[in-house]
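Got your viewer open? Load the model below and we'll go through it one selection at a time.

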Amino acid sequence: MTYTARDQWEQHFSDGKGFRQVGDRERELLAEHTPAPDGGGRALDVGCGTGELAVYLASLGYTVDAADFADSALARARKEHADVEGVRWLQLDIERDDPAPLHEEGYDLVVLRLVYPFVKDRGRVLHGLGERLRDGGALVVITPVAGSTPEERREIALDEDEIALVGAGWKTAERMDADGLAFLVLRGPCHAGTRAVERQRPPSGPAATAALAVVTDEAGRVLLGRSHRGMWELPGGKTLGPEPFEVAAVRELAEETGLAAEIQNAYVVTMLADAAGEVPRLTAVVRVTAWSGTLSNPEPDKFARWEFFDLHALACVGDVFTPAAHALEAVWPGVIPGLPPAASYPVAVEQPPVPGEPAEAVRLRQAMTETVIDGGWAPSEPVRDALRTVPRHRFAPEANLAAAYDGGDRAVVTRRDETGAAISSVSAAWLQADMIETLRLKPGAIVFEAGSGGYNAELIAHVAGPEGRVVTVDIDPWVVRRTRRFLAEAGSGRVTAIEADAAFGAPAHLVPRGGFDGSVITYNCWDISPAWRGQLAEGGHLVLPLEVGGYTRAVTFARRGQVLEARHFTYCGFVRDQGQQARTIPADVLLDGELTLRFENGSAAPTTGLEEALRGPRHEVATGITMGAGAYFGSLQLYAATTLPAFCRLHAHRDTGVTAITKDRDAPALVGDASLAYLTHVQTRHGKRPEDKEWEWVVHAFGEQGPQLTEQLVATVRAWDRHVRADDNDKHADPVLTVHPAGTPDHLLPAGDVLDKEHSRLVFRWPDRNGHLPAPARHTDTIPATTGEA
């Protein structure tokens, strides 16, 4: 029963044949080691055949998805078990088909009975099924063992090395015997953790040169071979004499895998220099963009088998030959973290894009696009078409498809600093769409992007059309190298990635005459670089995440001479600037680290005597302004940050402190002479339903000037409620904002609240901002500071 084709299995079941029946010992082990959770569980039976095991799992209390690629098997299962409830029969090739029919919320139990030896890409399939397990779930593999299987039928069994590999990387892997079958119960994370390893016998001689072929299939998965050295390797080997690296890679690919490639479809993209023992080693990474033939194993003495792996799983495959690991990292930077050092020299080569993506990616991309459209973030057809077309997952290969195409607020973090803070990411799709929409690009537009990654630039290039182009600049060499590689793999050829500090704009030779039609900044900006305004065409749009008082809004500006006029505000958050404009926020730590005052708008205010005031009584003043569940108050934060001259933010680092601010949260605040006031919201109405709940804005104060500061904050909240706030969260009033060059005299500025930065002067004009304050606040009793209650 060593069938390899689907039609053979179809005939097998059509002829009335079946599998070995589920034995009593198998039933006992399933009931003992994988009982259904209380209240029932969900199970997946992979390769269910005619359904005997699926029916048994249903009897244990599971709701079962029984999947098989043979329609004849499922037809028999439906007929033979027509009276069984709790089983859903699915025609699905777990190895090749889009897994859309599988349950979105995962499974408590996944069983592969007498199936695993027939799977070609075993590592990928096992890892993918492991990702579908719920917390506490188990994956069970039941399989014949080669040692007790007749030689002519060994292909349906696993040898001991393969059985050990099945359990690698799981938190627990139990093996039991079920009437001669290996019964494996796997639990916990299914991540082996990739480790670069060397062969036991290093090469000899003065130096070693080799070429490795990087090959992907129609789904974009990369080919690796499991060698008898106990590691995964890329096709490749030593060069023969003066043989070119491309020729060596193509030759080795054919010799080791049976796949054929033309020399013109092989590109040296990187040279790796390291050493094996005492021998220097030079390895060419050759990207093969097209091939033909059927994958086989012509050298069984060297390799156990060849498999195609998902890129996001490359960090979880176990031991990988060191040059192969570095080669994978060179083609897709970021997919294998923590590798030992090696010198990598990218080669300037015009590599064509390499096609290939699974049907699941296409489906998820369309779903993501519809989510963005339904949210109102992509009203124009060019932006919608870009979202539907540009393969987002290929610019975040370390993320699985579900994470890459999340249609909500999720960004894919692609780089962190030594503290774990995100410093590079692929932003949420809705936010990218919104920012591109506000650029108002026309066909043929030339656009500047600060902060690279590739995906956002490709979206812009798609919107700008065949005659448009994008110049993207980043200060991080690793990010630029990664961006260039991904653009080579999946780009349009209309994006140029430059390594430089984006605060200085684009290199002069890349700035179009008259300036860029649009510019987009993809990291938080405390200030606005003069270069961004100077390189923008008159009437062109600049969109950037602007920090005001520590609160970030993606603001779209239109250039009018030397003035930038705000056109659109979007609530957002981005990674911080790393370049010339990177700024350390002035801060004072109080009460032995319990509190931090952050002066986001500029210089720190004096805090002398403030700690003594914080040890005194705390006063509380209710504003009378309430809000319900789901209310948006981001406009209040921005209003306070731009209208209060001594504005700062009070951050709490403990739960039980003098301020009653929740740990790791902060509040808008004002500092006076040894005094402090800050704003919080307190729940005043409870209920089970969201619409039954309500909160009121309350001001707290310490120190002699607390009452005056309180009055300012209360007046601010009431003015916001009267003139800015709206019942519809999307209808809050935005300020009229203009940005003027630093040094602009006061008399040339329009009326409004002025916020000065290093390179610019921001003028905010809010509705009915005329200086008249509302009625005095309603006071409540004084609360002792030691209670920590509000």
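Here is a tour that starts with the whole chain, moves to one sheet, and ends with some cysteines.

**Stop 1: the whole chain.** Show everything as a cartoon, and keep in mind that this is a predicted model. You're looking at 790 residues, 55% of which count as buried. Along its principal axes, the C-alpha trace spans about 95 × 65 × 50 Å. Colour by secondary structure and you should find 18 helices and 37 strands. Among contacts with a separation of 6 or more, 64% join residues 24 or more positions apart. Switch on the surface if you like: the accessible area comes to about 34,000 Å², and carbon and sulfur atoms own 49% of that.

**Stop 2: confidence.** Now colour by pLDDT. The chain averages 91, with 95% of its residues at 70 or more. Then select 771-790, where pLDDT stays under 50. The model does give this stretch 44 contacts beyond four places in sequence. Still, where pLDDT is low, the predicted coordinates should not be read in detail.

**Stop 3: a seven-stranded sheet.** Which strands sit at the edges of this one? Walk across it and you'll pass E3-E2-E1-E4-E5-E7-E6, in an open sheet with mixed pairing. The edges are E3 (87-91) and E6 (172-178), each of which pairs on one side only. From one strand to the next, the twist averages 15°.

**Stop 4: inside that sheet.** Select 41-46 and 107-113, which are strands E1 and E4. They pair in the parallel sense, over four bridges. To see one residue pair, pick Asp45 and look for its bridge partner in E4, Val111.

**Stop 5: the helix across the strands.** Add 122-131, helix H5, which lies across E1, E4 and E5. Strand E5 covers 133-144, and H5 runs at about 145° to it.

**Stop 6: cysteines.** How many disulfides does the structure hold? The count is zero. Try Cys525 as a case: the closest cysteine sulfur belongs to Cys572, and at 9.8 Å it is too far away for a bond, since a disulfide needs the two sulfurs within 2.5 Å.

Is Cys525 buried or exposed? Its relative accessibility is 1%, so Cys525 counts as buried. Finish by selecting Cys48, which at 8% relative accessibility also falls under the 20% cut-off and so counts as buried.

Terms used
Residues are numbered from 1 along each chain as its sequence is written. This is a predicted model: local features need pLDDT of at least 70, side-chain atom pairs count only at pLDDT 80 or more; totals for chains, interfaces and linings use all residues. Side-chain values use heavy atoms; hydrogens and water are left out. Two strands pair if DSSP finds at least two bridges between them. Helices (H or I, at least four residues) and strands (E, at least two) are DSSP runs, numbered from the N terminus. Axes are lines fitted to C-alpha atoms, for helices over the stretch in contact, and angles run from 0 to 180 degrees between N-to-C directions. Contact means heavy atoms within 4.5 Å. Buried means under 20% relative accessible area, exposed over 50%, partly exposed in between (1.4 Å probe, protein chains only). pLDDT is the predictor's confidence in each residue, from 0 to 100. Accessible areas come from the Shrake-Rupley method with a 1.4 Å probe; for residues, only the protein chains shown count as cover.
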